[in-house]
Structure formats: C-alpha cells, structure tokens
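Let's take a walk through a metal site and a few charged pairs. Have the structure open beside you as you read.

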Amino acid sequence: MENQAQTGGMSVSNVAEAHGQRLERLAEVAVKVGLGLRPGQELVITAPLETVPLVRAITIQAYKAGASLVTTFFSDDAATLARFEHGTDTAFDTAADWLYAGMAEAYRNGAARLAISGDDPALLAGQDPDKVSRANRARSKAYVPALELIANFATNWTIVSAATTPWARSVFPDLPEDEAVARLWDAIFAASRVDGPDPVAAWEVHNAALHARMNRLNAHRFAALRFFGPGTDLTVGLADDHEWCGGASVSRNGITCNANIPTEEVFTTPHRERVDGTVTSTKPLSYQGTLIEGIWVRFEAGRIVEASARTGGDVLAKVLDTDEGARRLGEVALVPASSAISASGLLFFNTLYDENAASHIALGQAYSKCFRDGGVQFSEDDLAARGANRSLIHIDWMIGSAEIDVDGLTAEGRAVPVMRAGEWVD
Ligand code: ZN
Ligand code: ZN
C-alpha cells in the first residue's frame, strides 16, 4: 500500500530520483543526527557489501561535515558461507583480533563508528550450531576491546540500516525480489524519519519526546519493573543509581549522538541479581543468522535457570553458555506497542528494527551510560557494586506486546501502572 501510494503516477526515473534523494537524506541523518560527526574526526564504517550505495552517500556526507578520513570494512555473505562450507575445523576458533584491536585504537584516538545493518537473517540457518557458536564466540572475544569502548560510549557511534536482497526476502517472502527491496527501503526511510522535507528537525522533535519520557521514569526512581501478561510474569530489579536513557545522548568525548537510527525505546540497567519469574518472547529473535522463536525462560535471583525455545533452542542454549553474564540481564527497555515500527505490522528479523517495535530485555553486557554518575565515569568495580552485568554478549529480545502490562515498583513495594495493554499509562 505504502509503496503504491509513493510510486503511483511516477515514471521509473522519478522513482529512482526519489530513492536517491531519500538515500541522501538517510546519509545526512546518519552523519548529523546519528554521529554528530565533528570536523577533523575520523570515521570507521562496517557494512555488508550490498549496501555500497548508502556507504558512498554516508562517506560523501562525512567528508562534507569535515571528516579527516573515512575507512570502511565490508562483510560478504558468500565469503562468510565459504568458511562454513570449506573451512577446516580450526577456522571456527579463529577471529581477526588484530582488526578489532585496531578499531579500538581508532576509537581511543577519537574516531567515530558507524555500522550499517542489513544482514541476511537466515544466513547461517542450515549450518552446524556448534561451528556457528564457536565462530561467534571467537569473534565476540576478539571484539571485546572495541565493544567496551562502544558500550561505554567512549566515542560517538551509530547504527543505521540498508535494505539488502536477502533481508528483504525474509521480510516479504511473497513479493517479487525488486518489490520486496523497494518495500523494505520504504519501511527503513519511514522509521528513520527521512520521508519529510527536514529530517534533522524531525529528529529534534522525536528526541525531545523520548527525553520527556526518560525524565518521567527517572523522577519515579522505581526499584523494579514487573511485566505481566500471557506467558510472562517477570520482575526486573533495577540497578542501584540506574538512570533511564533514550534518544540523543552525550558520549564520553562530549559529542551528542543517536546510537540507533531508528530508535523508539527508553532503557536502563537491571540489577544482575534481582530478576525473578518467567518470560516468553513476543517476536522471533534473529541472532547471527539463526532464528530463535518462542523463547521461554525462568529467572531466579537474576540468573536464567530454565530456558527453552520452539526453534533454535540449541543455539539459544549455546548463547547462554557463552559466559556467566550471558544468563543475566544487561538492559531493560520500554517501547509502546503502537510505536511507528510496530504499527507497520512487519516482522523485520533485525534487532535494530524489531527491538524498536516492542519492550525488550537484553542478555549480557550492561551499558555504563545508564547510571547517575554525575559525569564521572564509574569504574568496573563501581558498576558491578551497583548491579551492572558483564558479558561478551549483548542480545536484545522482545517481550512486549499489546497484551503485556508493566508496573513500576517503588522501593516500598508499591505498584505504579506504567503500561497497560502495551501503551504508556500517562
Ligand atoms: Zn534496547
Ligand atoms: Zn540492547
């Protein structure tokens, strides 16, 4: 419907021009809103090979904004599969440590980071789960030096999406390929707020709304949240001195960035030992090429003690065994069931999109940004003392829907309605 409305009456060349304009506006939003790139800053981009047109548009915008150097690392699905089809056994315990160490050095030296997501959600679906998890684990370990700087917002960073053929095929399996890609682009442009004439202004309005929501939650100083509905009765204790985050934020280098384009969430840090009860996922989780559907887990004192999934359960089990922190929560986020992305009615099989369509929790590493530290960065010990979780992984999965209610629990145990039927109460 949306596609037809936008292309109706237009010639093919007009359609191409409209696409080019929106791609340029997305690139502008990525550089100005997502990164807030400063003149003289270096930029490191990671991107799937098929997203070259957006990479080039972003590179142009970055140099126009005064970038000193833009360096892009491309991933290629066919090359990834070649490893699984032809790699020797040792290939799955090897990662490019030197590459991530180099990225970490670039971030320490002031480079900004931009990731383009557009991966095939089912790329590794047919592969040996043991090899998949070994390869993920090796990569996660190698990535730690860079991930710590990103998770701590040592530099300004952002993630944007680009439509790719395999991703579009997953989202629109019944459409011809070119139509599926066009529809996915429409959804990306709409969710990224680049459809109007002044996307940067549209983001200012959106950020103000997210900040207002964040401030309301911070004023409550809830000790815990309780999610309840079909298959879910989960109490998530919040970390001591936690702070709600959302929308634009100031990274440790003083630059304001929007780490996710799009973003609809307000989120904070759970206490790693204060999560109890059961929870059922409300959307499939696409994790590194495997779809994990119908997740059900039970927490005791913060730790997952029972877990199952309708599909992908073997991959889930291996993820949970990554390290001690993989069984505990590092994030809890609230998103109304009526968010623009949710209203599209689409399942994106892409965390950046699906996590912004529903309230969610994340297994693994916490964000040190979500603390009242008065601008002085807490040490790892300070964070741990307040309940922040540590892990090699950070995996968001969706637990909200129009059937889920959320209460905030005060330190005295009083319940304050926060969401009813998936929507904000006030
Ligand atoms: Zn989140
Ligand atoms: Zn997350």
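A residue counts as buried when its relative accessible area is under 20%. In this predicted model, glutamate 265 and glutamate 355 are both buried. These two residues also serve the zinc ion (ligand 1), whose protein donors are Glu265 (OE), Glu331 (OE), Glu355 (OE) and His360 (NE2), at 2.0 to 2.5 Å. Along the sequence the donor residues follow the spacing E-x65-E-x23-E-x4-H. Glutamate 265 sits in the loop between β9 (256–257) and β10 (266–268), while glutamate 355, 90 residues apart from it, lies in the loop between α12 (351–354) and β17 (360–364).

What is the geometry of the site of the zinc ion (ligand 1)? It is irregular, with angles of 73 to 149° among the 4 donor atoms. A second metal joins the picture: the zinc ion (ligand 2) is 3.5 Å from the zinc ion (ligand 1), and glutamate 331 coordinates both.

Now for the charged pairs. The structure holds 23 salt bridges, including these:

| Salt bridge | N to O distance |
|---|---|
| Aspartate 426 and arginine 213 | 4.0 Å |
| Glutamate 324 and arginine 303 | 3.4 Å |
| Arginine 390 and glutamate 380 | 3.6 Å |

Aspartate 426 is exposed, at 52% relative accessible area, whereas arginine 213 is buried, at 14%. In the second pair, glutamate 324 is partly exposed at 45%, as is arginine 303 at 30%. Arginine 390 is partly exposed at 43%, and glutamate 380 is partly exposed at 32%. Elsewhere, Asp89, Asp93, Asp130 and Arg134 form one network through salt bridges that share partners.

Terms used:
Residues are numbered from 1 along each chain as its sequence is written. Chains are lettered from A and ligands numbered from 1 in the order in which they are written. This is a predicted model: local features need pLDDT of at least 70, side-chain atom pairs count only at pLDDT 80 or more; totals for chains, interfaces and linings use all residues. Side-chain values use heavy atoms; hydrogens and water are left out. Donors are N, O and S atoms within 2.8 Å of the metal (3.2 Å for Na, K and Ca); water is not among the atoms, so sites may look incomplete. Four donors count as tetrahedral if all angles lie between 85 and 135 degrees; four count as square planar and six as octahedral if opposite donors are over 155 degrees apart and all others between 65 and 115; anything else is irregular. Helices (H or I, at least four residues) and strands (E, at least two) are DSSP runs, numbered from the N terminus. Buried means under 20% relative accessible area, exposed over 50%, partly exposed in between (1.4 Å probe, protein chains only). A salt bridge is a side-chain nitrogen of Lys or Arg within 4 Å of a carboxyl oxygen of Asp or Glu.
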